[in-house]
Amino acid sequence: MENKNKVLMINPEKCTGCRLCELVCAVKHDGVSNPARSRIRVMKWEMDGVYIPMACQQCQDAPCMGVCPANAISRNDELNVMEIDYDKCIGCRSCVAVCPFGAMGFNSIDRKVFKCDLCDGDPQCVRFCEVEAIEYIDADDVAILKKQEAAAKLHATSHKVALKEA
Amino acid sequence: MALDRKIAYINLTTGEVEVKPIPLDVRRKFLGGRGLDAYLLLNHSEKGCDPLGPDNPLIVSGGILTATCASATARTHVMAKSPLTGLLGSCNMGGFFAPEMAWAGFHHLVIKGKAEKPSYIYIHDGEIEIRDAENVWGKTTTDTQWAIRDELNDQEVKSLVIGPAGENLVAFANVMTGIKNAGGRTGMGAVMGSKNLKAIACRGTMDIKIAHPIEALEYNKRFIDQITSAKVNKTQGTLGTPFIWGATNSWGGVRTRNFQYNQCEYADDIEPEAIDEICEDTMGPYHMSGCFGCQVHCRAQYRIPSGPLKGTYEEGPEYTSQGAFGGETDTPRAETVLVGNHLVDQYGMDNLETGSLISWAMELYEEGIISSKDTDGLDLRFGNDEAVLEMIERICFRKGKVADALANGGIPASKTFGKNAFDYLIQVKGMSNLHSDERATPALALNIATSSRGSDHLRSRPAIDLYHLPEKVLRKIYSSPIPYEGPLSSEHTAYIGKAWQVFWQENCYMGVDCLGICKYHTTFLGATLPNFEDWPKVLYYNTGLEFTPEELWDIAERCNMIERLFNLREGLTRDDLAKGDMINHRYFDEPCRRGAPDVVGLTIDRGKFTVMIDEFYEHKGLDKKGKPKAKTLKRLGLENEPSHML
């Protein structure tokens, strides 16, 4: 499957903080506008102009799966996504407490936990993010892209140093 | 549902709060946002009420589409009688406040009375509290917001606040949210200050049900693609509004030295690219931020690059600040613009009015109408950067004779200064003009003359008139949804057909302001962006309400007429330079001295201007005096106003 190795890659540097991702996530999943229902949330440091979208990382060794006493959380290998089986879920919220990214939410209206399901392979947050602060790409490509970005910064720095020396 | 958001009536004197639903028939007549605000203002204020008195209603709203799955529904609207003009007070801002208010259950607030001590209103999931604001009184706009978050122990709270300028009743104090989103014009911050109201804080987690979510999502995607594909918006998203500066200044559309020139020389330093260059080390290549749900992201970020405030984070500067603290005062230096922009944001005062009044005072100083004795020794000459920044501070805190007078607004200040100070004041209805110079653009001159809130570029400006679009294209835009077969001209210096364009734009902007959408998402700077034909679908998918483009046009026309009725009630008369649809004599008498060859030497022709006003009135269904004809009121269903439906 083409989605088997795909992950959400978040580029906080590109995020403009508009929170359109939160809006479309809630509309897609629940048919409502309400950031409290969004699987992705933008955390902000307004006095620094820094915005960081946070969502489930679909961890390989997922703490939510490990902690679940009802075995309600499992990995879907087809989509490379951690899934909740609501027939098994007892709503204890252990997964909410244990997630290191705060990516597991609890909806106090429906009394249910919820998390990113990658929109079954077509994440709406990615589709609507025009600045590409969120991308859906092959996990193997993430590292090389990050390498390129880091190298570009080094390149710019050395270029500046060279200019200064000149 | 967007339609189940409520209206709250809050009395700060008694502490009483009354919550009501907004009936559907009111929605169908006034939609929401600015249009419904205007209805509420006319219905909840008495003729001649004191703008800074407890009976002046402060109305705060989101549009009917706020926080729904439509693009850029971030706008907050604020209305009251203006302490600056004595007429319609009205301002509109981006950010995240109105969506939060909608998630907290409300679309409109009508705030009356005066709190006994500094207070703020806290709205959360349908509940409204009036809380003590003693601890935040005196704080800057950002410090106030962060202190309220800390007090409520919730970092997601969004507040609409005033700064020290609002507390000091500066007549053009604004309301702010976030770092720089400002409801800048007509002094709504002073109205808040007069009520001892420091802030309105919101936090909401209530669902807004989307009527047809899948369709809304897909249509929003199409809408966004249409908006981001426009080159003007791509440029906005990289440079912000300052991208207009270079072109406008080069043809001669930038008011300089108050009104002495129409072009600012040696102004390359305040071009956005130059500002990026000096701010690059702090902000990096990605330096834009966006309002709620908006993919245009026109808000630039920067850190002040030098001087005592070096390293301070700020957003902007907008095109307005370039003119206010660079062009008009003839101080086109980046640091002056960047620091000036920061100060007005922190103090909570309108950048445009502040810069414009300082440049007016500079001309009066040059002409000897005010002296260095009046300024306590401050050398208030054009080109004095330090004087510009010093005056911002003095006006906010009302220090000294000149600054204290300016803080009351241009017309009252002209009475304090005496002699012929008023002749030099570039204003309409008591509100200063943007730094744009309209002598070469009759359509824009008509726009500022007739704008409902006083001189203004965001109420009816046909900005695309400067693009010299072929007549065929103009006709396509301006003949829909209402047929128009009269003349149209691609020439920006012409007078033909301009009245219709201004009338059309007035309705277009009222449309977006009722919906709660940003003007960059309609026919303002981009000729290809959505308007009346596209809005019915967005409305239907999100709210389930069905409208035709013609019905939306009627609503916009009706809401504009309500604003007109308010202004007429408060004393608008056609040719009154202080309170009418009239521009300063210098537009007619002093020719442009700089700019493109076809601009140099131009003035507004008084006779043709009068004809334009006549035509504009005719389109609006007004008589020659600017009052609505009985049949117009009947056609718009306004013959019984005030009707007290809400």
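Is B:L552 buried or exposed, judged by its C-beta neighbours inside 10 Å? In this predicted model, B:L552 has 24 such neighbours and therefore counts as buried, the cut-off being 20 or more. The residue belongs to helix α21 of chain B, which runs over residues 549–569. Beyond its neighbours within four places in sequence, B:L552 is in contact with two aromatic-ring residues named in the model as B:F532 and B:F547, and also with B:G511, B:W535 and B:P536. A further link across the sequence involves B:K29: 523 residues separate B:K29 from B:L552 along the chain, while their C-alpha atoms are 9.3 Å apart.The setting of this helix is chain B as a whole, which holds 24 helices and 18 strands. The radius of gyration of chain B is 23 Å, close to the 26 Å that the globule rule gives for 646 residues, so the chain is as compact as a globular protein of that length. Taken along the principal axes, the box filled by its C-alpha atoms is roughly 60 × 60 × 50 Å. Of the 646 residues in chain B, 61% are buried. Contacts between residues at least 6 apart in sequence were also examined, and 70% of those in chain B join residues at least 24 apart.

Helix α19 of chain B, residues 498–515, is a helpful element to look at next. Its 18 residues reach 26 Å from the first C-alpha to the last, close to the 26 Å expected at 1.5 Å a residue. The helix is mostly covered, with 18 of its 18 residues buried. Directly after α19(B) comes B:G516, whose phi is positive, near 95°.

Helix packing in chain B can be illustrated with α12 (residues 334–347) and α14 (residues 385–397). Their axes lie 10 Å apart and meet at an angle of about 0°. Because angles under 35 degrees count as roughly parallel, α12(B) is roughly parallel to α14(B). On the α12(B) side, the contact is made by B:T336, B:V339, B:G340, B:L343, B:V344 and B:Y347. Their partners in α14(B) are B:D385, B:V388, B:L389, B:I392, B:E393 and B:C396. Sorted by class, this contact has 8 nonpolar, 2 polar and 2 charged residues. As a general point, an α-helix has 3.6 residues a turn, so residues three or four places apart point the same way.

The backbone also offers some details worth a look. The peptide bond from B:S480 to B:P481 is cis, with omega near 0°. B:P481 sits in the loop between α18 (471–478) and α19 of chain B. A cis peptide bond is likewise found from B:E641 to B:P642, where omega is near -5°. B:P642 falls in the segment after α24 (630–635) of chain B.

Positive phi values occur in residues other than glycine as well. In B:A72, phi is near 55°, and the residue is placed in the loop between β3 (58–62) and β4 (76–81) of chain B. B:A72 has 28 C-beta neighbours inside 10 Å and so counts as buried. In chain A, A:R93 has a positive phi of about 70° although it is not a glycine. The loop that holds A:R93 lies between β6 (81–84) and α3 (94–98) of chain A. With 14 C-beta neighbours inside 10 Å, A:R93 counts as partly exposed.

Note on methods:
Residues are numbered from 1 along each chain as its sequence is written. Chains are lettered from A and ligands numbered from 1 in the order in which they are written. This is a predicted model: local features need pLDDT of at least 70, side-chain atom pairs count only at pLDDT 80 or more; totals for chains, interfaces and linings use all residues. Helices (H or I, at least four residues) and strands (E, at least two) are DSSP runs, numbered from the N terminus. A residue is buried if 20 or more other C-beta atoms lie within 10 Å of its own, exposed if 12 or fewer, and partly exposed in between; C-beta atoms are placed from the backbone. Two residues are in contact if their C-beta atoms, placed from the backbone, lie within 7 Å. Axes are lines fitted to C-alpha atoms, for helices over the stretch in contact, and angles run from 0 to 180 degrees between N-to-C directions. Angles under 35 degrees count as roughly parallel, over 145 as roughly antiparallel, 65 to 115 as roughly perpendicular and the rest as oblique. Ala, Val, Leu, Ile, Met, Phe, Trp, Tyr, Cys and Pro count as nonpolar, Asp, Glu, Lys and Arg as charged, and the others, Gly among them, as polar. The radius of gyration is taken over C-alpha atoms; the globule rule is 2.2 Å times the number of residues to the power 0.38. The expected span of a helix is 1.5 Å times one less than its number of residues.
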